[in-house]
Amino acid sequence: MTFRDLLRDTIATLLAHKRRTLLTMFGIAWGIISITLMVAAGEGLGRGIQKQQENFGKDVMIVFAARTSMQAGGTRSGRAIHWMEGDYKEVAQEAPACKYVLPELGNNTKVHSAFNSGDLDTVGSLPPFTEIRSITVAEGRFYNYQDNDAGRRVAFLGSDAKKQLFAEREAIGQTIQLNGIPYTSSG
């Protein structure tokens, strides 16, 4: 039997069993796609875990400055803890191994610009917040300790908030209002 005869017999068999051929090709394609998707999902999960581990490596403690928090050591479970403004400083003294100890307060806030408004999630903290949360600044600047010490009302806008409030307009230096209180946009 020559190669030409073998090729002719193969094509004749495939044409004679079209449904079987189609299902076999579909099964092979489905298997390749499934394996590719599983490998891609595994790689993405691995990269996400690696990024989380990089953030954990910074020895960070964030004191949530909300009105209540979870259990503290030595108290009964479920007891509400009320944090005060300067409590994070005492925690920092008690945790010298931590590189950062920061207060963080988050809320959903009514935000207005001259062009649009919306209810946006806002977070208040200290300047090292960008390092801890891996925030990259595309334009403008994040608020700093000089802003904090001077009591300047400076707000840093993320890309989604900027798009919501200003669309394609320049946002840096513009006034926005958070729950009716004016702030200057720094980024």
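**Close-up views of a predicted model**

**View 1. Asp-5 and its partner in helix 1.** Asp-5 has a relative accessible area of 30%, so this residue counts as partly exposed. In this predicted model, the side chain of Asp-5 meets that of Arg-8 in a salt bridge, with a distance of 3.0 Å from N to O. Both Asp-5 and Arg-8 belong to helix 1, where they are 3 residues apart, or about one turn of the helix. As general background, side chains of opposite charge can pair when their charged atoms come close.

**View 2. A nonpolar surface patch that includes Ile-11.** Met-1, Phe-3, Leu-6, Leu-7, Ile-11 and Leu-15 make a nonpolar patch of about 700 Å² on the surface. One of these residues, Ile-11, lies in helix 1, which covers residues 3-16. The relative accessibility of Ile-11 is 44%, and Ile-11 therefore counts as partly exposed.

**View 3. The whole chain, as a guide to the other views.** The chain has 6 helices and 6 strands, and reading along the sequence gives the pattern α-α-β-α-β-β-α-α-β-α-β-β. Of the 187 residues in the chain, 22% are buried. The chain also holds 4 salt bridges and 4 aromatic pairs, and several of these are shown in the views of this set.

**View 4. Phe-26 and Trp-30, a stacked pair in helix 2.** A pair of aromatic rings is described by the distance of the centres and the angle of the planes. The ring centres of Phe-26 and Trp-30 are 6.1 Å apart and the ring planes meet at 25°, so this pair is stacked. Because Phe-26 and Trp-30 are 4 residues apart in helix 2 (residues 18-56), about one helical turn separates them. Both Phe-26 and Trp-30 are exposed.

**View 5. Phe-115 and Phe-166, an edge-to-face pair.** The rings of Phe-115 and Phe-166 form an edge-to-face aromatic pair, with 5.9 Å from centre to centre and 65° between the planes. This pair links distant parts of the chain, since Phe-115 is in the loop between strand 2 (100-112) and strand 3 (117-124), while Phe-166 is in helix 6 (residues 159-166), and the two are 51 residues apart. Phe-115 counts as partly exposed because its relative accessibility is 42%, whereas Phe-166, at 1% relative accessibility, counts as buried. Phe-115 has a further neighbour in Arg-169, whose charged end sits over the ring of Phe-115 at 4.1 Å from the ring centre.

**View 6. Ser-113 and its backbone contacts.** Ser-113 is placed in the loop between strand 2 and strand 3, and its relative accessible area of 15% means that Ser-113 is buried. The side chain of Ser-113 reaches the backbone nitrogen of Phe-115 at 3.1 Å, and the side chain of Ser-113 also reaches the backbone oxygen of Leu-165 at 2.7 Å.

**View 7. Lys-110 and Asp-119, a salt bridge between partly exposed residues.** A salt bridge joins the side chains of Lys-110 and Asp-119, with 3.8 Å from N to O. Lys-110 has a relative accessible area of 48% and is therefore partly exposed, and Asp-119, at 48% relative accessibility, counts as partly exposed.

**View 8. Asp-147 in a network of salt bridges.** Asp-147 forms a salt bridge with Arg-152, and the closest N and O atoms of these residues are 2.6 Å apart. With a relative accessible area of 3%, Asp-147 is buried, while Arg-152, at 48% relative accessibility, counts as partly exposed. Salt bridges that share partners join Arg-141, Asp-147 and Arg-152 into one network.

**View 9. An aromatic cluster, and the loop that holds Thr-136.** Phe-142, Tyr-143 and Phe-156 are linked into a cluster by ring pairs. Thr-136 is found in the loop between helix 4 (129-132) and helix 5 (145-150), and because its relative accessibility is 70%, Thr-136 counts as exposed. In sequence, Thr-136 and Gly-158 are 22 residues apart, and in space they are 9.6 Å apart from C-alpha to C-alpha.

How values were computed
Residues are numbered from 1 along each chain as its sequence is written. This is a predicted model: local features need pLDDT of at least 70, side-chain atom pairs count only at pLDDT 80 or more; totals for chains, interfaces and linings use all residues. Side-chain values use heavy atoms; hydrogens and water are left out. Patches are made of residues with over 30% relative accessible area and no salt bridge: like charges are joined within 9 Å, nonpolar side chains (Val, Leu, Ile, Met, Phe, Trp, Tyr) within 5 Å. Accessible areas come from the Shrake-Rupley method with a 1.4 Å probe; for residues, only the protein chains shown count as cover. Buried means under 20% relative accessible area, exposed over 50%, partly exposed in between (1.4 Å probe, protein chains only). Rings of Phe, Tyr and Trp (its six-membered ring) pair if their centres lie within 6.5 Å; planes under 30 degrees apart count as stacked, over 60 as edge-to-face and the rest as tilted. A charge sits over a ring if NZ of Lys or CZ of Arg is within 6 Å of the ring centre and within 35 degrees of the ring normal. A polar contact is a pair of N or O atoms within 3.5 Å; within protein, one must be able to donate a hydrogen and the other to accept it, and residues adjacent in sequence count only if both atoms are side-chain atoms.
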